Amino acid sequence: MQFWKMNGAGNDFIILNNLNEHLPQSCFPLLARTLCERHLSIGADGLMVVDPPTQGGDYRMWFYNSDGSLGEMCGNGARCICRYGYENGLAGEIQTVETTAGLVTGLRIDRRLYRIRLNDPTTVQLDIPIEIDGVRYTGSYLELGNPGLPHAVIPYHDLAQADENELRELGRAIRHYKAFPKGANVNFYELTGEDEVFERTFERGVEDFTYACGTGTGCVVTALTLQGKVSGHQVKVNMTGGQLIVDADREGSAIQDLYLTGPTNIVCKGEVTDEDLSLVK
């Protein structure tokens with residue numbers, strides 16, 4: 001199998017072109033678990049597979065977390081796969097990608113910079129109480145697309161200096177919080193300036209912090225825009241892996257358009273030769 005490895009602001013992915021490989025979808029979870037293991041294989045936060053379109057898009061994107069679970073969508077992954085689609089002749093500078101959560105449009109800004117329109121917020125619950133081990137946190141719960149990709153948005157003071165292990169345990173507890181029907185990706189954030197945010201995301205399916213999360217970034221800016229804490233225009237979100245820019249166009253009490261802009265990086269291209277991987281086509 002031929003593969004690319006890419007990252008968007010440190011959120012890293014393995015990409016397989018199933019237009020050429022012709023693998024059954026049933027083997028994708030095993031591929032994700034095997035290839036995303038950092039010590040035993042290539043290593044990544046997730047696996048993306050390109051398949052033929054069925055809804056009028058340029059192609060279909062399947063996204064699997066590193067634990068083999070199917071993800072509804074991935075913002076940084078979609079930006080990376082837009083570059084993959086452009087550079088492999090699957091689409092032009094403006095393209096439409098079919099995802100499990102709905103259609104996503106992408107725009108090539110320059111060789112490495114890509115912008116996508118994220119799935120619409122379909123569930124928005126602001127200022128909800130979350131009680132963990134007797135401590136109450138006030139956060140928000142949002143879903144993007146349909147079926148919705150679930151995110152919790154949690155303010156956290158002095159986030160950059162937070163104890164890693166304590167934050168991880170809190171993230172794990174909120175990820176499984178009883179009020180979240182699908183579980184949730186947990187996005188801790190702190191406002192660090194005017195229209196500037198620092199964020200860390202504990203990702204469902206990775207079950208740990210990732211260097212960046214595009215849909216999480218979009219959810220943080222959506223919540224903060226609706227709460228009047230940021231303008232919603234060119235909001236800078238800094239994470240371990242770099243910076244993403246989010247535009248959230250507000251109309252009344254709703255966000256009509258949500259855009260994510262950031263860098264892409266083609267890390268390597270090659271052939272999967274993993275001798276522990278056994279697939280039956």
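## Close-up views of a predicted model

The structure holds 16 salt bridges. Keep in mind as you look around that this is a predicted model. Side chains of opposite charge can pair when their charged atoms come close. Several of the views below show such pairs.

**View A. Arg200 and Glu164 join in a salt bridge.** Here the two side chains meet with 2.7 Å from N to O. Where in the chain do Arg200 and Glu164 lie? Arg200 belongs to strand β13, which covers residues 196-203, while Glu164 belongs to helix α4, residues 164-175. The two are 36 residues apart, so this pair links distant parts of the chain. Arg200 has a relative accessibility of 14% and therefore counts as buried. Glu164, at 30% relative accessibility, counts as partly exposed.

**View B. Asp208 and Arg168 form another salt bridge with a partner in helix α4.** Their side chains meet at 2.8 Å, again N to O. Asp208 sits in strand β14 (residues 208-210) and Arg168 in helix α4, so the pair ties together parts that are 40 residues apart in sequence. Is each partner buried or exposed, or in between? Asp208 is partly exposed, with a relative accessible area of 27%. Arg168 is buried, with a relative accessible area of 18%; the cut-off for buried is under 20%.

**View C. Glu169 and Arg172 pair up within one helix.** Stay with helix α4, where both of these residues lie. They are 3 residues apart, about one turn of the helix. In their salt bridge, the closest N and O atoms are 2.6 Å apart. Glu169 is partly exposed, with 48% relative accessibility. Arg172 is also partly exposed, and its relative accessible area is 30%.

**View D. Four residues share a network of salt bridges.** Which residues are linked here? Look for Lys5, Asp12, Arg38 and Asp45.

**View E. Thr215 is a buried residue of helix α5.** The relative accessible area of Thr215 is 5%. Its side chain makes a polar contact with the side chain of His151, at 2.9 Å. What else does Thr215 touch, leaving aside its neighbours within four places in sequence? Besides His151, Thr215 is in contact with Met73, Cys74, Gly75, Leu118, Leu144 and Leu149.

**View F. The largest cavity is lined by 16 residues.** The structure holds 3 cavities of 30 Å³ or more, and about 100 Å³ of space lies in the largest cavity. Which residues lie nearest the centre of this cavity? They are Phe63, Met73, Leu149, Asn185 and Glu203. Three elements each give two or more residues to the lining: β4 (59-65), β11 (149-155) and α5 (214-226). By type, the lining divides into 5 nonpolar, 8 polar and 3 charged residues.

**View G. Helix α2 has buried residues that pack against other elements.** Helix α2 covers residues 28-35, and its buried residues are Phe28, Leu31, Ala32, Thr34 and Leu35. What do these buried residues pack against? Their partners are β2 (11-17), α1 (18-21), β3 (46-51) and β4. You have already met β4, as one of the elements that give residues to the lining of the largest cavity.

Note on methods:
Residues are numbered from 1 along each chain as its sequence is written. This is a predicted model: local features need pLDDT of at least 70, side-chain atom pairs count only at pLDDT 80 or more; totals for chains, interfaces and linings use all residues. Side-chain values use heavy atoms; hydrogens and water are left out. On a 1 Å grid over the protein atoms alone, a cavity is a set of points where a 1.4 Å probe fits but cannot get out, and a pocket is an open set with protein on both sides within 12 Å along at least five of seven lines; lining residues have an atom within 4 Å of a point. Grid points are joined across faces, edges and corners, and a volume is the space filled by probe spheres set on the points. Helices (H or I, at least four residues) and strands (E, at least two) are DSSP runs, numbered from the N terminus. Ala, Val, Leu, Ile, Met, Phe, Trp, Tyr, Cys and Pro count as nonpolar, Asp, Glu, Lys and Arg as charged, and the others, Gly among them, as polar. Buried means under 20% relative accessible area, exposed over 50%, partly exposed in between (1.4 Å probe, protein chains only). Contact means heavy atoms within 4.5 Å. A polar contact is a pair of N or O atoms within 3.5 Å; within protein, one must be able to donate a hydrogen and the other to accept it, and residues adjacent in sequence count only if both atoms are side-chain atoms.
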